[in-house]
Amino acid sequence: MDDKSANGGLRSHHAANYESGNEMAEEVAALLSQQSATDKADIKMTDSQSDTVSEAPIVREKWNSKTEFLLSVAGGFVGLGNVWRFPYLCYKNGGGAFLIPYAIFLLLGGIPIFFLEVALGQYLSEGGITSWMRLAPITAGIGYASMVIVALLNIYYIVILAWAIFYLTQSFTSELPWAHCGNYWNTPCCSEFKNDTTPANMTTVATTTMMTMVNSSAVCTGEVTSAELEYWENRVLGLSSGLDEPGSIRWELALCLLAAWVICYFCIWKGVKSTGKVVYFTATFPFLMLIVFVVRGVTLPGAMTGISFYLTPNMTKLTEAEVWIDAGTQIFFSFAICLGALISLGSYNEYNNNCYRDCVLLSLLNSGTSFISGFAVFSVLGFMAEEQGRDISKVARSGPGLAFIAYPKAITMMPGSTAWSILFFIMILLLGLDSQFVETEGFITSIVDLFPKKLRKGYNREIFIACTCAVSYLVALSMVTNGGMYVFQLFDTYAASGVCLLWVAFCECVAVSWIYGGERMWQNITRMIGFRPMPIMKYIWTFVTPILTTATFIYSMVKFKPPTYGEYVYPPWGVAIGWALALSSMLVIPTYAVYKFLTTSGTMQERWHILTTPVLARDHEDYNDEAHTKRMKLKARVFKGEYPPIDGVVQLKPIPMANNSATDHHHQLPMSTVSSSKTAAVNPALSDPPSYNDAVEGTNF
């Protein structure tokens with residue numbers, strides 16, 4: 001690491017000096033107060049403080065190669081949302097017409113915020129919480145809110161993997177159990193949709209009993225249901241009638257859930273050294289399987305009917321608010337932004353990694369995967385519609401229904417169904433597992449960075465991961481009961497919903513663009529990647545994304561409807577529980593900001609200056625750079641490429657462009673930073689802001 005720093009202009013890592021807890025807290029508090037109020041006071045060390053104990057430096061792990069980073073991010077945000085959520089939302093909201101708002105949110109929300117989070121983590125080399133503490137202490141609530149969201153997401157998302165493991169274990173039979181009726185879990189209305197009627201007459205099959213039923217003596221008085229639907233609801237879920245009937249734990253699913261958490265634990269227990277190796281397989285195999293399913297799907301009878309439905313736009317849908325809300329939700333959900341995980345993954349990059357290029361390519365990969373998945377899904381749905389004589393809109397259901405009802409049915413209609421079933425559910429398992437352990441790794445990294453001196457010693461990190469997995473498993477047991485699907489749906493709708501993510505995205509853009517400074521962040525990126533890109537994303541962060549997220553947020557509030565599962569509508573008390581889950585993360589940001597403002601000493605102006613001034617680590621590239629350790633005027637830090645003097649401090653110039661040409665956006669710049677050693681000599685307070693490792697456990701950052 002030191003050789004790379006000397007040769008490549010990267011940060012040098014040196015030993016940090018640690019004081020005793022109370023003395024360090026007093027020093028940091030005094031230092032922050034003096035730096036904010038006057039920026040001129042000298043800090044004199046007492047005799048007791050001068051007796052420091054040098055400890056070995058805490059060296060942050062790095063990816064072994066760029067490939068590990070790319071595969072980890074790709075595996076983290078290319079998951080089940082691309083396989084079933086995007087295609088369903090697409091045909092639910094007018095087929096090809098859905099692609100229009102999807103593209104708008106992709107360009108004006110998804111890609112810019114995705115790049116912002118990765119670049120922020122790479123620049124600060126911190127996790128999802130401490131990065132915001134470094135950026136400006138008042139914005140740390142964003143990190144905590146993200147951790148609440150990702151903790152709730154990790155609890156319920158892994159339940160999908162438990163379902164996949166259950167189906168996988170049931171696939172090792174000569175005849176798939178959901179392929180036929182006549183089992184103990186089937187009802188008199190179960191049908192295999194096998195008769196000699198014409199497609200025109202088969203339209204009535206879905207609502208009549210003109211087919212071979214499970215029990216010839218029994219009479220079906222309700223709607224005819226398919227074998228795979230009854231297997232899903234009666235055999236797998238043991239579904240009760242509502243949220244108020246939780247029933248008992250489905251122990252088969254509980255064991256599958258335990259297996260999923262054990263796999264997840266051993267994927268991440270050694271940090272990025274183990275995560276980076278696992279993603280070589282988990283991130284590539286699903287893509288290969290997806291290609292296989294696309295090729296297989298488009299060759300099925302009726303495939304073109306489904307593809308035509310997928311690509312044919314229904315432009316009248318664009319006038320409905322739900323289309324835009326679903327598009328925004330899908331972008332934020334599939335890109336895994338506002339969860340802190342991307343910041344953590346970016347923090348393992350080398351300082352001069354070209355994250356700009358990486359993020360653009362990964363964004364195209366994400367959306368491209370969703371688009372291609374649409375062909376795989378809709379070709380199968382067209383095949384099923386032709387086989388069943390139903391309209392294609394009646395074949396699939398949202399959410400898990402598409403993966404665990406429609407696809408299993410399609411698999412039973414394929415030659416060699418057992419082999420296809422095994423391969424398909426391995427793909428589902430890997431898609432979900434990759435996202436699960438990447439999000440869990442992001443959560444763990446953020447907490448470890450919060451308490452590095454405790455959790456990076458010995459096996460403390462591994463023990464902490466085990467405790468996190470165990471607690472999450474116990475909470476998730478409520479989702480593998482008879483009423484577990486209703487609990488799962490509450491989490492899916494509220495805990496990590498579009499409303500929460502839109503709110504966090506808005507706050508992130510405001511924090512980076514207006515509090516820290518969009519121009520200041522863009523100069524950071526310029527030095528990291530070696531050239532200054534066209535500042536389009538900077539202006540998107542500053543204006544476009546906040547407006548877009550605010551409008552969508554208001555729209556979603558006005559048009560919000562309580563969640564449903566089939567015909568079941570959640571009761572008011574269930575909706576109240578859901579909103580409690582949503583507010584558990586949303587209220588963290590304003591609450592933390594108010595708390596810090598009230599507990600910080602000084603006048604109102606001094607408090608604001610303290611809480612909006614960056615606090616970089618001592619081993620950071622820009623530690624002594626006044627432009628990055630001092631609060632600047634709004635116009636300078638947001639718009640202008642220079643920082644005018646404030647309070648008599650010497651002005652710092654931006655990184656110069658080659659030939660001073662505004663059009664030369666891709667000229668390579670030297671990997672170095674402007675050092676303000678002259679100013680540091682005059683003002684020791686500015687040259688030595690508290691490092692996070694020293695301060696975090698002695699203050700209330």
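Reader: Where is the place of Ala 336?

Author: Ala 336 has its place in the loop between helix H14 (321–335) and helix H15 (341–347), and, since you are new to this structure, please keep in mind that the model is a predicted one.

Reader: How should I read the backbone of that loop, and what is phi of Ala 336?

Author: The general idea is that most residues other than glycine have a negative phi. In this structure, phi of Ala 336 is near 55 degrees, which is a positive value in a residue other than glycine. Cys 338 also lies in the loop between H14 and H15, and its phi, near 70 degrees, is again a positive value in a residue other than glycine.

Reader: Is Ala 336 buried or exposed, and how does Cys 338 stand in that respect, buried or exposed?

Author: Ala 336 has a relative accessible area of 5% and is therefore buried, while Cys 338, with a relative accessible area of 0%, is buried as well.

Reader: I would like to turn to the disulfides: how many are there by the rule used here, and which cysteines does a disulfide join?

Author: In general, a disulfide is a covalent bond between the sulfur atoms of two cysteines. Here the count comes to one disulfide, and it joins Cys 181 to Cys 190, with a distance of 1.9 Å from S to S. The torsion about the S-S bond of Cys 181 and Cys 190 is about -80 degrees, so this disulfide is left-handed. Both Cys 181 and Cys 190 are buried.

Reader: What can be said of Cys 467, and how far away is the nearest cysteine sulfur?

Author: Cys 467 is in no disulfide, and the nearest cysteine sulfur, which belongs to Cys 469, is 9.3 Å away. With a relative accessible area of 45%, Cys 467 is partly exposed, whereas Cys 256, at 9% relative accessibility, counts as buried.

Reader: Which residues does Thr 225 touch, leaving out those up to four places away in sequence?

Author: Thr 225 touches Thr 187, Cys 189, Cys 190, Ser 191 and Glu 230 when residues up to four places away in sequence are not counted, and one of these, Cys 190, is a partner in the disulfide with Cys 181. Thr 225 itself lies in strand S4, which covers residues 225–226, and it counts as buried because its relative accessibility is 18%, where buried means under 20%.

Reader: At what angle do helix H10 and helix H20 pack, and how far apart are their axes?

Author: Two packed helices are described, as a general matter, by the angle between their axes and the distance between the axes. Helix H10 (residues 251–268) and helix H20 (residues 460–476) pack at an angle of about 160 degrees, with their axes 10 Å apart. That angle makes H10 roughly antiparallel to H20, since angles over 145 degrees count as such, and H10 passes H20 in a right-handed crossing.

Reader: Which residues of H10 and H20 meet, and how many of them are nonpolar, polar and charged?

Author: Among those that meet are Leu 257, Trp 261 and Tyr 265 in H10, and Arg 461, Ile 465 and Tyr 473 in H20. By class, the contact of H10 with H20 has eleven nonpolar, one polar and two charged residues.

Reader: Lastly, where is Gly 578 found, and which residues is it in contact with beyond its sequence neighbours?

Author: Gly 578 is found in helix H24 (residues 572–586), and, leaving aside its neighbours within four places in sequence, Gly 578 is in contact with Leu 490 and Tyr 494. With a relative accessible area of 0%, Gly 578 is buried.

Conventions:
Residues numbered from 1 in each chain as written. Predicted model: local features only at pLDDT ≥ 70, side-chain atom pairs only at ≥ 80, totals over all residues. Heavy atoms only, no water. Helix = DSSP H or I, 4+ residues; strand = E, 2+ residues; numbered from the N terminus. Buried < 20%, exposed > 50% of the residue type's maximum accessible area, 1.4 Å probe, protein only. Contact = heavy atoms within 4.5 Å. Axes fitted to C-alpha atoms, helices over the stretch in contact; angles between N-to-C directions. Parallel < 35°, antiparallel > 145°, perpendicular 65-115°, else oblique. Left-handed = near helix turned anticlockwise from the far one by under 90°. Nonpolar A, V, L, I, M, F, W, Y, C, P; charged D, E, K, R; others polar. Disulfide = S-S within 2.5 Å.
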